[in-house]
Amino acid sequence: MKANRASILLLASLLAACAPIVQRAGIPTQWRASPNFDERRPNFVIIHHTTNDSADQALRTLTDPARGVSAHYLVARNGTVYQLVDERARAWHAGASKWGSETDVNSSSIGVELDNNGREPFPEAQISALLALLADIQNRYRIPRTNFLGHADVAPRRKVDPSGYFPWKTLADRGFGLWCDPPFPDSPLPPDDRVQLQALGYDVSNLDAAIHAFKLHFVPDGDLRVLTAGDRALLRCLLEQKDR
């Protein structure tokens with residue numbers, strides 16, 4: 001009997017040790033636990049490329065405490081998917097970033113790193129694995145198609161990933177992100193680049209950076225420094241899609 005009781009106490013102590021620590025206020029409070037809550041529910045997916053030459057290099061970086069960077073997933077060139085952070089946790093992948101009114105993208109997003117050095121196309125096996133991963137995430141969290149973005153979109157002053165090689169149209173065709181093909185609709189209103197880019201979601205505190213990020217995502221083959229008349233028509237088309 002005493003042995004059974006000791007075993008029960010030992011088991012209880014082990015379970016207590018494994019339980020997560022409750023985050024309390026920094027002032028004296030009385031704890032009254034409520035069952036009315038749920039887990040973090042991400043509303044964005046941010047896509048990156050690693051800038052490394054192999055998945056092993058990327059894994060070392062993303063799991064190194066001294067580097068202080070992470071992502072929820074890494075998709076290797078061969079299609080292998082590594083999960084590095086629980087989706088319910090806040091990974092450190094977007095850094096100082098902004099999209100629309102969201103100023104803490106890390107807290108509301110899932111970060112996906114692609115094993116790519118930024119100077120090469122993305123292999124078919126990798127994109128196939130990415131599409132399967134995004135479909136799974138979207139199915140579970142009902143993330144709007146408009147909220148599948150690149151790191152450069154949410155951090156235009158700092159980042160240029162994923163590169164111009166990334167097949168955004170392929171993703172959009174599967175429901176992950178916006179895309180418009182010509183011919184684009186005419187607009188009776190004169191274009192205001194700052195207002196329209198901001199309406200799409202870009203941080204326009206540095207307009208040149210916002211233009212560069214927009215072009216990298218939607219028109220990577222053109223001059224990334226300027227918006228042409230065709231680019232402005234494309235931007236209006238994307239805004240119409242966003243508002244549907």
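**Exercise 1.** Which side chain meets that of R88 in a salt bridge?

*Solution.* The model is predicted. Start at R88: its side chain meets that of E39 in a salt bridge, 3.0 Å from N to O. Next, place the partners. R88 sits in the loop between β3 and β4, and E39 in the loop between α1 and β1. They are 49 residues apart, so the pair links distant parts of the chain. Then check accessibility. R88 is partly exposed at 43%; E39 is partly exposed at 47%.

**Exercise 2.** Trace the salt bridges of R140, and state whether E87 is buried or exposed.

*Solution.* Take E87 first: its closest approach to R140 is 2.6 Å between N and O atoms. R140 lies in helix α3 and E87 in the loop between β3 and β4, so the bridge ties together parts 53 residues apart in sequence. E87 has a relative accessible area of 6%; buried means under 20%, so E87 is buried. R140, at 34%, is partly exposed. Now take D136: its side chain meets R140 in a salt bridge of 2.8 Å, N to O. Both residues belong to helix α3, four residues apart, about one turn.

**Exercise 3.** Give the strand order of the open sheet, then find the helices that pack on it.

*Solution.* The five strands run β3-β2-β4-β1-β5, with mixed pairing. β3 and β5 are the edge strands, each pairing on one side only. Inside the order, β1 and β4 pair in the parallel sense over six bridges. There F44 stands opposite S109. Now add helices. α2 packs on the sheet, touching β2, β3 and β4. α3 lies across β1, β2, β3, β4 and β5, at about 150° to β2.

Conventions
Residues numbered from 1 in each chain as written. Predicted model: local features only at pLDDT ≥ 70, side-chain atom pairs only at ≥ 80, totals over all residues. Heavy atoms only, no water. Pairing = 2+ DSSP bridges. Helix = DSSP H or I, 4+ residues; strand = E, 2+ residues; numbered from the N terminus. Contact = heavy atoms within 4.5 Å. Axes fitted to C-alpha atoms, helices over the stretch in contact; angles between N-to-C directions. Salt bridge = Lys/Arg side-chain N within 4 Å of Asp/Glu carboxyl O. Buried < 20%, exposed > 50% of the residue type's maximum accessible area, 1.4 Å probe, protein only.
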